[in-house]
Structures are given as C-alpha cells and as structure tokens.
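Q: Please take a close look at one part of this protein: its salt bridges. Walk me through them step by step.

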Amino acid sequence: MKNKIAALLTIVPLLLCSAACSPRDGADDGEKEKKYEYVSVLNDRNFRNGFEVNGIWNPIYGNPEEDAVERYDLDKFGQKYYHGADYFDYEKGLQGPPSWTIHQAASRYPWHDRGNTVTELKDGKQTFNYKFTDLGDERYLYQNQSKELEVDTKTSEFRLALKSSECYKYDRAPMQEWPHLLLMQSMGTPEDIPKQIAVKNTESIVVSLDLKLNSFADRMQGTPNPDLHACVLMFYLEFYYMPSVAQGFTDFFYVGLTLFDNRMPFAVGTSGPDSGTKESETNKWVYNIPGTHYWSPTNNLYDMKGDLIFNEWKSIDFEVYPYISLALGDAQRGDMFQGVTMDKLYLHHMYIGFESPGTYDVDMSFRNLDIKSYIEV
C-alpha cells in the first residue's frame, strides 16, 4: 500500500536525524509513526438487530397479491421505496434502527403482509406471504411462497433462497420486471461520514466472503434466451458523489461483482448506464468487473466440465479500489459525473443478493461477509 510505504519513508529520515541532530534542529521526540489498519465499513455483521423490509416496488403483473400494502414513497433519486414500520426483529423487539434492509422487488409475495391478508389459490393450495420460525441457538428463518432468509446471529452465516417459478406465470418477456432478493446496507450520512467510507482516506477496499450453492433448478417453460433470461448473484458497491455537506449525496454509480451466473462460470465485464431493460431502470452507471478477476478455474461455482458445484464453500477476497477510478472514468466518457474527482466519492451503500430475470429457483449460503477499508487509525 502506498500509505504503508509513505509511513515507512517518513520514519527513515527521523531515525537518521535522531542520531545527528538536536531538538533545536527540528526533530520532534514525541512524533509517532502513523498506523494503518483494515476497518470494516459494515455495521451489525451478525444481523443481531434484524432488518427493515422494503415492499414489492414495481410488480411483474400488478395483481393484488403482489402488493398487499400500498405505502410507498420516492427517494431523492426518484426511486420508489417501501415506507413503514415493518421489520424482521426475530419477534424480540428492536434495540434500535436496523443496519440491514431486505429488498424483495417484484418477488410477487410481499413479506410485509404479516397477516397473510391478500393471498391466492395456487396448485390447489393457499399461498402465504409471511412465516417466521425460531430455529433455536440464535438461528431464525423467514419464509414465504417465493423466498427464504435464514440467519445465524452467533456466526453471521446466512442463507438466501429465491423461487422465481413462484413469481412468473410465463417466461419473462422483454422489458418485464424480474424478482429480486437482496440484503442492503447504507453507511453514514452527509453530516456523519465514517472515516472508512471516504475514498480519499483509503487506497484499498477489499470485499470478502465465503459462499456455496445449495440448489439450483431451471423452471423455464421454453428455451431460454441468454439476453433475456438469467439468474445472477450480485454484489454491488455504490459510490456516491458529495460535492459538499450542504448539498449532500447528489449522484452515484455501481461497481459490481457477479458471483454467480447460471449462463457461464465467469461473467463478462460490462460498463454502461442501467437503461432499456425494464420499466424501473435506474439510469445510473453500472461497472461490472469481469468474473476472471475474482474467480479462478479452481475457485468458482463451476467444475472443469462446466457443471455447477453444490455444497462446497468457495471464497472471495478481492481488491476493489482500482475499479473505482475505472468506473468513474467510463462514466465521465459517457457524459456523466463531469468534473467529479475521487476525493468527493464515498462508499455509501452496498447490497448482495439474487436478481432473476428467468424462471429459476436458487438457494445459496454465505458466511464471513465483509467490506474492509485500509485507513489511518
């Protein structure tokens, strides 16, 4: 790290001067070596304080059972979000605002409908929107017709399952919404910026986690179109631009890792605006890092024959920092973020989870999730 080298170079002249110079020559006997450490940018890594629950946002079909409770608002970027006091608190009560948010866009069955007030008859059985199970030993399970979240608040291990076959009536058509199941977190506010999220304070941001594929099923009714149908596990870091505290965060772009793609072992790198894919497009710049940069032939979710690997932990430990400037440069060439410099960027938001534009059912487990920033402490 440049900071490490700079700190060491600073020490050398001080040591030389201590042998040949007196204090009046400018030496400071009390000066200490700067210390740098990796510091997590995430809060509540064990999920002990539960989750806030977003709504369905833009549903696939607009049926009543896709959105039992209409309490939406718009954020400053024009995006809908579910607004209300709905939380997963393990039925123990919250000790404060949750650090984590569950995003369940277009997944048909709204988790926030705790009373299962709006349901349907499907395959001869009544659907359900909410079920909670205390598994014991600080492990908890939330389920509904299309998705599951299981967390271990002692070990930080968690499991996500998304059944797109419960969300789609037919194979996805162009511009149609698709199911999401994401865990999200925002770090800091313009008035209270943690030191570790300011890009100007660090020269290293490392993403790390272990993951394994528990199950995957193709439920497509017809032949998949790889440009239209997929199931991916995304890990996105969102870098926000803040020209001043008074102005706050005014724009952001994504830097992403595609950790699983049912179409290929190594996702291709892409860079461009999120546009033209569905009604709820963000029009924000998205920079996806090529999968070969963080996976290897022997460390990914496919074997050498191209078949999926199940029930084996795989690990990611990846340096993201260099890709921030690459993403910013691409966005500026695309006529966005004009005049923005790295020292005005902040890692303010992240999410990990499934996006499934195809009729696929997927179940994965995760542990040791972290994002670490190398800063002076």
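A: Here is a walk through the salt bridges, followed by the model's confidence and its cavity.

Start with how to read the model. It is predicted, so local features need pLDDT of at least 70, side-chain atom pairs count only at pLDDT 80 or more, and totals for chains, interfaces and linings use all residues. Residues are numbered from 1 along each chain as its sequence is written, and side-chain values use heavy atoms, with hydrogens and water left out.

Now the general idea. Side chains of opposite charge can pair when their charged atoms come close. A salt bridge here is a side-chain nitrogen of Lys or Arg within 4 Å of a carboxyl oxygen of Asp or Glu. The structure holds 17 of them.

Take Arg-159. Its salt bridge with Glu-148 has the closest N and O atoms 2.7 Å apart. Arg-159 lies in strand E12 and Glu-148 in strand E11 (residues 147-152), so the pair ties together parts that are 11 residues apart in sequence. Strands are DSSP runs of at least two residues, helices (H or I) of at least four, both numbered from the N terminus. Arg-159 also forms a salt bridge with Glu-150, with 3.0 Å between the closest N and O atoms. Arg-159 and Glu-148 are both buried, and Glu-150 is buried too. Buried means under 20% relative accessible area, exposed over 50%, and partly exposed in between (1.4 Å probe, protein chains only).

Another pair is Arg-263 with Asp-261. Their closest N and O atoms are 2.9 Å apart. Arg-263 is partly exposed, with a relative accessible area of 39%. Asp-261, at 5%, counts as buried. Back to Arg-159: salt bridges that share partners join Arg-139, Glu-148, Glu-150, Arg-159 and Asp-363 into one network.

How sure is the predictor? pLDDT is its confidence in each residue, from 0 to 100. The protein averages 89, and 87% of the residues score at least 70. Strand E12 (residues 158-163) has the highest confidence, at 99, while helix H1 (residues 2-20) has the lowest, at a mean of 36. Over residues 1-27, pLDDT stays under 50.

Last, the cavity. Leu-42, Arg-45, Phe-47, Trp-100, Ser-156 and Leu-369 line the largest cavity. A cavity is a set of points on a 1 Å grid over the protein atoms alone where a 1.4 Å probe fits but cannot get out; lining residues have an atom within 4 Å of a point.

Key:
pLDDT is the predictor's confidence in each residue, from 0 to 100. Contact means heavy atoms within 4.5 Å. On a 1 Å grid over the protein atoms alone, a cavity is a set of points where a 1.4 Å probe fits but cannot get out, and a pocket is an open set with protein on both sides within 12 Å along at least five of seven lines; lining residues have an atom within 4 Å of a point.
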